[in-house]
Amino acid sequence: MIVLGLSGSLTHDPSAALYIDGELVAAAEEERFLRDKHAKRKWPYHSARFCLETAGITPGQVDRVAFPFAPMGLGYAGRWHFARRYWYAPDRAFNVLFNGNRLFRRNRRAILKLMTDIGIDPDRTPFVPVPHHLAHASSAYHLSGFSGRAAVLSIDGKGEYATTLFGYAEKGRIHTIKEFYDPDSLGGVYGAITQYLGFEMLDGEFKVMGMAPYGDPRRFDFSPLIRYDARSFTVNTRLVNTVGLRRYKQDGIGYYFSPRLLDWLGPKREGDEIDDPYIDHAAAMQKLLEDVSLGLIDTYLGDIIRETGQLCFAGGVALNVKLNQKIIALPHLKELFVQPAASDAGTAIGAASYVANAGGDRVEKMTHVYLGPSYTTEQCRAACEAYPEKPAWEIVDDAPAEAAALLADGNPVAWFQGRMEFGPRALGNRSILGDPSQPGIADRINAQIKYRERWRPFCPSILDRAAAEILQTDHAAPYMTFAFTVAKAWKERIPEVVHEDGTARAQVVSRDTNPRYYALIEELEKRRGIPVVLNTSLNRRGEPIVCTPEDALDMFYGSDLQYLFMEDVLVRKDPADEGGMG
Ligand SMILES: [Fe+2]
């Protein structure tokens with residue numbers, strides 16, 4: 001069966017994913033093609049066409065179009081919960097009861113139009129809606145490769161109405177144990193505090209998580225934000241997850257928190273440099289998320305975890321690597337699988353895998369995220385020749401060895417190879433690399449290109465054979481979805497990729513999934529004695545990860561980076577160097 005999954009149901013992170021007979025053959029996020037981070041209010045036209053072209057199929061061959069958003073009947077508890085909790089905004093409460101599927105109908109119209117526009121006939125190819133959290137859950141469970149029973153968890157801002165799903169899966173079927181509904185949303189509260197701390201919701205959550213280790217969670221008691229016990233939680237909408245007249249407004253923008261939050265905590269954070277007391281707010285928020293999540297996990301999933309040791313997790317909150325570190329540390333947990341594209345981009349994979357599975361296909365275990373476009377050396381060379389800046393380029397025999405030599409000399413290197421990653425992390429195919437054993441390399445990368453807030457640590461890619469010693473665990477970690485505490489002896493050897501709290505958000509690299517990247521790290525190991533490279537995504541601050549060779553050249557010439565590899569093409573900026581042919 002051929003299933004095309006499309007996302008974009010909640011006005012951000014549109015994407016497409018294609019399953020053929022249970023195999024995920026292509027997936028990409030629309031932001032990469034549009035060069036517009038999160039591609040808000042866009043639909044996945046480019047990504048859908050890319051998937052079909054890559055698979056070499058015509059639009060008419062698609063059997064189903066799967067979409068991660070479904071209509072909810074009037075008997076659905078989430079609508080009544082929403083109506084009850086939004087009594088203070090009567091228009092919304094009224095709407096949810098009398099017109100509760102308005103967003104679904106808008107989504108459906110847009111997707112049917114997209115299908116028609118790209119040549120898929122909606123009269124012949126069914127449009128199949130999948131409840132949002134089941135799509136997240138499927139993107140974790142069906143791709144985990146777990147056999148037997150497994151606990152399933154999905155936490156995000158919100159889908160149709162649900163914000164959190166606890167369940168279990170067995171023999172290919174996902175069963176819901178408990179759902180929580182808007183406005184009772186852990187992702188929503190984290191997002192609201194993200195806004196309060198001066199970052200963008202659905203984007204800056206990583207920065208809040210990165211800020212947290214600098215602060216002291218005991219300096220503020222954040223329990224007024226969420227009332228919780230072991231079985232349930234209720235968000236205080238007088239402070240956060242606030243709508244309508246309760247919202248704080250500034251320069252015509254409404255925020256998801258109230259003026260009352262400012263009366264309590266002080267003014268909203270502005271600018272990059274202010275620390276105190278905001279680092280303590282970040283620490284308190286992170287702790288509250290961990291406390292509530294771990295409590296509910298124990299209540300609803302504890303028995304299954306004790307029985308099977310397996311948990312799969314998706315939804316935007318599943319990208320919180322510090323929460324994941326605590327989950328992995330639970331006494332009976334043997335394996336945590338987090339869908340690497342845990343936020344809404346991944347729901348295209350989730351909806352498609354759900355529909356493929358329901359249609360009888362055996363969905364394959366996910367082994368990598370290299371699912372996007374790729375370009376040959378010839379195409380990279382042609383891009384250089386056509387580029388207005390007339391790059392000095394050469395073809396090299398052994399790009400991994402050449403790159404390693406430049407890294408060992410203390411240079412940051414832009415590294416572009418193979419198929420673009422799906423999901424928020426660059427995992428060696430669209431990356432900026434550095435030698436993490438050289439103090440100051442993170443500052444050099446920041447000075448040359450990234451200009452990242454210091455809250456955001458740089459991360460390591462580690463050879464699989466060395467990972468257990470460095471990370472003190474043999475838990476699988478191929479996608480930078482977990483933080484681990486770095487062994488004491490290694491902290492001094494790779495200081496540039498260890499965060500304030502002594503952890504690293506690592507990618508463990510295997511030769512099978514990325515032989516060329518593996519070779520590069522081995523070459524660096526030969527020169528510097530460390531089986532680790534610093535890896536950050538190939539983009540400038542605020543931009544999506546690069547997709548094409550032209551994007552890479554734009555980024556390269558818009559930065560102070562000196563070296564760019566694209567397949568076997570090496571582009572240098574230093575005019576003193578020999579070997580330029582272009
Ligand atoms: Fe979601």
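Four donors around a metal count as tetrahedral if all angles lie between 85 and 135 degrees, and as square planar if opposite donors are over 155 degrees apart and all others between 65 and 115; anything else is irregular. Keep that rule at hand for the first exercise. The model you see above is predicted.

**Exercise 1: the iron site**

Task: Find which protein atoms are donors of the iron ion, and work out what arrangement they make.

Solution:
- Step 1. Start with the donors: H132 and H136 each offer NE2, while D156 and D344 each offer OD. These atoms lie 2.1 to 2.2 Å from the iron ion.
- Step 2. Look at the angles. The four donor atoms subtend angles of 92 to 164° around the iron ion, so the arrangement is irregular. For the tetrahedral case, all angles would have to lie between 85 and 135 degrees.
- Step 3. Now follow the donors along the chain, where their spacing reads H-x3-H-x19-D-x187-D.
- Step 4. Place two of them: H132 is in helix α6, and D344 is in the loop between β14 (335-338) and α12, so this pair ties together parts that are 212 residues apart in sequence.

**Exercise 2: helix α6 meets helix α12**

Task: Describe how α6 and α12 are oriented to each other, and which classes of residue make their contact.

Solution:
- Step 1. Helix α6 covers residues 132-144 and helix α12 covers residues 347-358; their axes come within 7 Å and cross at roughly 75°.
- Step 2. Angles of 65 to 115 degrees count as roughly perpendicular, and α6 and α12 are therefore roughly perpendicular to each other.
- Step 3. From α6, the residues in the contact include H132, A135 and H136, and from α12 they include T347, G350 and Y354.
- Step 4. Sorted by class, this contact has six nonpolar, nine polar and no charged residues.

**Exercise 3: two more helix pairs**

Task: Decide how α7 is oriented to α10, and how α2 is oriented to α5.

Solution:
- Step 1. The axes of α7 and α10 are 11 Å apart, and these helices pack at an angle of about 180°. They are therefore roughly antiparallel to each other.
- Step 2. Among the residues in contact are L186, V189 and Y190 of α7, along with Y278, H281 and M285 of α10. The contact divides into nine nonpolar, three polar and no charged residues.
- Step 3. Turn to helix α2 (residues 45-55) and helix α5 (residues 102-118), whose axes come within 11 Å and cross at roughly 45°. These two helices are therefore oblique to each other, and the crossing is right-handed.
- Step 4. On the α2 side you find Y45, A48, R49 and L52; they meet K113, L114, D117 and I118 of α5. By class, there are five nonpolar, no polar and three charged residues in this contact.

**Exercise 4: the backbone in three loops**

Task: Say where the cis peptide bonds to P183 and P277 are found, and which loop holds D21 with its positive phi.

Solution:
- Step 1. The bond from D182 to P183 is cis, with omega near 5°. P183 sits in the loop between β8 (173-181) and α7 (186-196).
- Step 2. From D276 to P277 the bond is also cis, with omega near 5°. P277 belongs to the loop between α9 (259-265) and α10 (278-308).
- Step 3. D21 is not a glycine, yet its phi is positive at about 50°. You can find D21 in the loop between β2 (15-20) and β3 (23-29).

Definitions and conventions:
Residues are numbered from 1 along each chain as its sequence is written. This is a predicted model: local features need pLDDT of at least 70, side-chain atom pairs count only at pLDDT 80 or more; totals for chains, interfaces and linings use all residues. Side-chain values use heavy atoms; hydrogens and water are left out. Axes are lines fitted to C-alpha atoms, for helices over the stretch in contact, and angles run from 0 to 180 degrees between N-to-C directions. Helices (H or I, at least four residues) and strands (E, at least two) are DSSP runs, numbered from the N terminus. Angles under 35 degrees count as roughly parallel, over 145 as roughly antiparallel, 65 to 115 as roughly perpendicular and the rest as oblique. A crossing is left-handed if the near helix is turned anticlockwise from the far one by less than a right angle, and right-handed if clockwise. Contact means heavy atoms within 4.5 Å. Ala, Val, Leu, Ile, Met, Phe, Trp, Tyr, Cys and Pro count as nonpolar, Asp, Glu, Lys and Arg as charged, and the others, Gly among them, as polar. Donors are N, O and S atoms within 2.8 Å of the metal (3.2 Å for Na, K and Ca); water is not among the atoms, so sites may look incomplete. Four donors count as tetrahedral if all angles lie between 85 and 135 degrees; four count as square planar and six as octahedral if opposite donors are over 155 degrees apart and all others between 65 and 115; anything else is irregular.
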